[in-house]
Every structure is written in structure tokens, then in C-alpha cells.
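Hi everyone, thanks for coming. Let me put today's protein up on the screen, and then we can walk through it together.

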Amino acid sequence: MSVRDHIDSITADQVFTDSDYELRFLSRYDELVAFYERTLAQNKTPLIIDCGANIGCSALFFAREFPAAKLVAVEPERNNVEMIRKNCGSLNNVIAVNKAVGSVDGLVTIADPHCDNNAFRMTREPDGTGDIPVTSIGSLLSDYDQYVPFIIKIDIEGFEDDLFSANTGWLQKFPLMIIETHDWLLPRQANSSNFLKVISATGRDFVHRSANVFSISNTIEM
């Protein structure tokens with residue numbers, strides 16, 4: 001695992017030492033594994049989308065946990081994307097995509113380009129201009145429609161407010177969603193309100209551990 005500085009080391013520790021994305025604590029872990037294995041048995045490939053992949057730590061973790069899955073690591077900051085390609089370059093099942101993730105396709109900008117490597121926040125300009133392409137989850141699923149949605153991980157530094165503002169039908173296609181919300185980072189903005197409105201209407205299980213919410217489908221056969 002390659003890191004550039006102390007911030008990258010913290011990110012790596014969160015994934016590989018603190019086990020932020022370890023799934024075995026879930027009471028439904030066996031169901032998720034069964035879904036993965038049944039998908040493979042049907043000669044299909046499970047799809048994992050990592051939104052806010054940073055330097056590739058979480059992508060590398062999931063690629064090792066589910067080596068037969070296709071993993072799409074989406075990250076808006078180009079230097080971080082180069083680190084994903086460096087850290088995951090030996091894996092043929094990881095694709096790095098240099099884009100942000102939001103409710104609709106378009107362009108965004110980085111709100112503070114001088115922040116730490118793990119804290120880049122996206123913003124939409126009123127006139128729709130920007131220097132970073134943003135893709136919806138629906139567009140990603142269209143781009144990779146030969147694969148079966150399995151896990152989506154979301155850690156996008158508050159831009160989940162935009163992501164869950166519209167076009168959220170993709171959520172029910174994933175057996176598991178893992179998301180970090182950011183009201184702690186953006187006080188008095190009710191940043192999680194769109195996410196909470198959407199998730200409360202889905203009838204999914206909702207398990208909170210450390211900084212992440214693990215949301216498991218109750219409608220997909222597992």
C-alpha cells in the first residue's frame with residue numbers, strides 16, 4: 001500500500017487497522033456472501049461501486065474480500081486517482097474513474113482545493129460550470145450494465161446532499177450500501193436530510209457502526 005503523507009496513512013489505517021468496511025459483524029453477512037456466490041454460479045459478475053475512493057484503500061479492501069467482483073473506484077481528485085491506479089494497478093478487477101458522484105451528470109468544482117487529501121468537497125456552480133465531471137449512479141450502472149449490483153460504498157464529504165436529492169432508484173438495486181454521513185463536518189446545514197428521506201422510504205435494514213451506516217436490502221433475494 002503506497003501513501004504520500006500522514007493523511008494517506010490515516011486513511012489506510014481506517015480501512016486496514018480499524019476495519020471500517022469489515023462486514024463480518026453484520027448478522028446478515030452470510031446472506032450477502034450467498035448473494036455474491038450465487039451471482040458467480042450464474043456466470044455473472046457482482047459489481048461494487050466505491051464512491052469517494054480516495055487513494056484506493058477501500059477499493060483494495062473490497063477487491064481482496066470479493067476477488068471475483070468488478071470494482072469501480074470513483075474519485076474526483078486527479079492526484080488521488082493516480083494513487084488508486086498505483087495501489088490497485090496489480091488487480092485486474094479494479095477500474096479507476098476520475099469523476100465525482102451526484103444526482104445528475106454534469107460538472108462540479110472542488111470547494112477547497114487546498115484541503116487534506118481525504119477531505120475534498122464538491123460543489124455545483126449555479127451556472128452548471130466546473131472542471132470535474134460528475135456522474136449519477138444511474139449512469140454508472142448503465143456504463144457497467146453487464147455486471148450485477150452488489151455493494152455501493154459512499155464517502156463523498158457531504159455531497160451526499162446532492163446525490164440523494166433526485167434519481168435515487170438505484171439504491172434498491174444494491175443488496176448493501178455503506179455510507180458515511182457528514183453532519184459532523186457541516187453543522188447547521190441538515191446535510192443528511194435528503195439521505196434520511198430516501199432511506200426511510202425503502203424498508204431496508206439500517207445498522208450503524210463507527211462512522212458508517214450499513215443499509216441492507218429487504219427486497220432483493222439473498
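Let's begin in the middle. The largest nonpolar core has 36 residues, and the members that touch the most others are L23, F62, F66 and I151. Helix α3 gives this core its largest share, six residues. Apart from it there is another core, this one of 35 residues, including V72, L140, L163 and V213. Please keep in mind that what you see is a predicted model.

Let me stay with L23 for a moment. Which residues does L23 contact, once we leave aside its neighbours within four places in sequence? They are Y29, F66, I151, L176, I178 and F214.

Now step back and look at the whole protein. It has seven helices and 11 strands. Its C-alpha atoms fill a box of roughly 45 × 40 × 30 Å along the principal axes. Is that spread out or compact? A compact globule with 222 residues would have a radius of gyration near 17 Å, and the protein has 16 Å, so the two agree. Buried residues make up 53% of the 222. If we take the contacts with a separation of 6 or more, residues 24 or more positions apart account for 68% of them. As for the outside, the protein exposes about 10,100 Å², and carbon and sulfur atoms supply 47% of that.

Next, please find helix α4, residues 78–87. Which residues of α4 are buried? They are N80, V81, M83, I84 and N87. Looking down the axis of α4, you would see these buried residues fall within an arc of 155°, so they line one face of the helix. On the other side of α4, R78 and K86 are exposed. And what do the buried residues of α4 pack against? Their partners are two helices, α1 (6–16) and α3 (57–65), and two strands, β2 (70–74) and β3 (94–97). There is also a nice detail at the start of α4: a side-chain oxygen of E77 comes to within 3.1 Å of the backbone nitrogen of N79.

Now for two leucines. The first to look at is L47, which sits in strand β1, residues 46–51. Why do we call L47 buried? Its relative accessible area is 0%, and buried means under 20%. Beyond its neighbours within four places in sequence, L47 is in contact with a long list of residues, among them K70, V72, L141, Y144 and F174. I151 is on that list too, and you may remember I151 from the largest nonpolar core.

The other leucine is L171, placed in the loop between α6 (160–163) and β9 (176–180). Is L171 buried or exposed? L171 is buried, because its relative accessible area is 1%. Leaving aside neighbours within four places in sequence, its contacts are M177, V198, I199, T202 and R204.

Let me end with a bit of backbone. N167 is also in the loop between α6 and β9, and N167 has a positive phi of about 55° although it is not a glycine. R188 has a positive phi as well, near 65°, and R188 is not a glycine either. You will find R188 in the loop between β9 and α7 (193–200). With a relative accessible area of 89%, R188 is exposed.

That's my tour. Thanks for listening, and do ask if anything was unclear!

Notes. Residues are numbered from 1 along each chain as its sequence is written. This is a predicted model: local features need pLDDT of at least 70, side-chain atom pairs count only at pLDDT 80 or more; totals for chains, interfaces and linings use all residues. Side-chain values use heavy atoms; hydrogens and water are left out. Buried means under 20% relative accessible area, exposed over 50%, partly exposed in between (1.4 Å probe, protein chains only). Helices (H or I, at least four residues) and strands (E, at least two) are DSSP runs, numbered from the N terminus. The arc is that of the directions from the helix axis to the C-beta atoms. Contact means heavy atoms within 4.5 Å. A polar contact is a pair of N or O atoms within 3.5 Å; within protein, one must be able to donate a hydrogen and the other to accept it, and residues adjacent in sequence count only if both atoms are side-chain atoms. A nonpolar core is a set of buried Ala, Val, Leu, Ile, Met, Phe, Trp, Tyr and Cys residues joined through side-chain atoms within 4.5 Å. The radius of gyration is taken over C-alpha atoms; the globule rule is 2.2 Å times the number of residues to the power 0.38. Accessible areas come from the Shrake-Rupley method with a 1.4 Å probe; for residues, only the protein chains shown count as cover.
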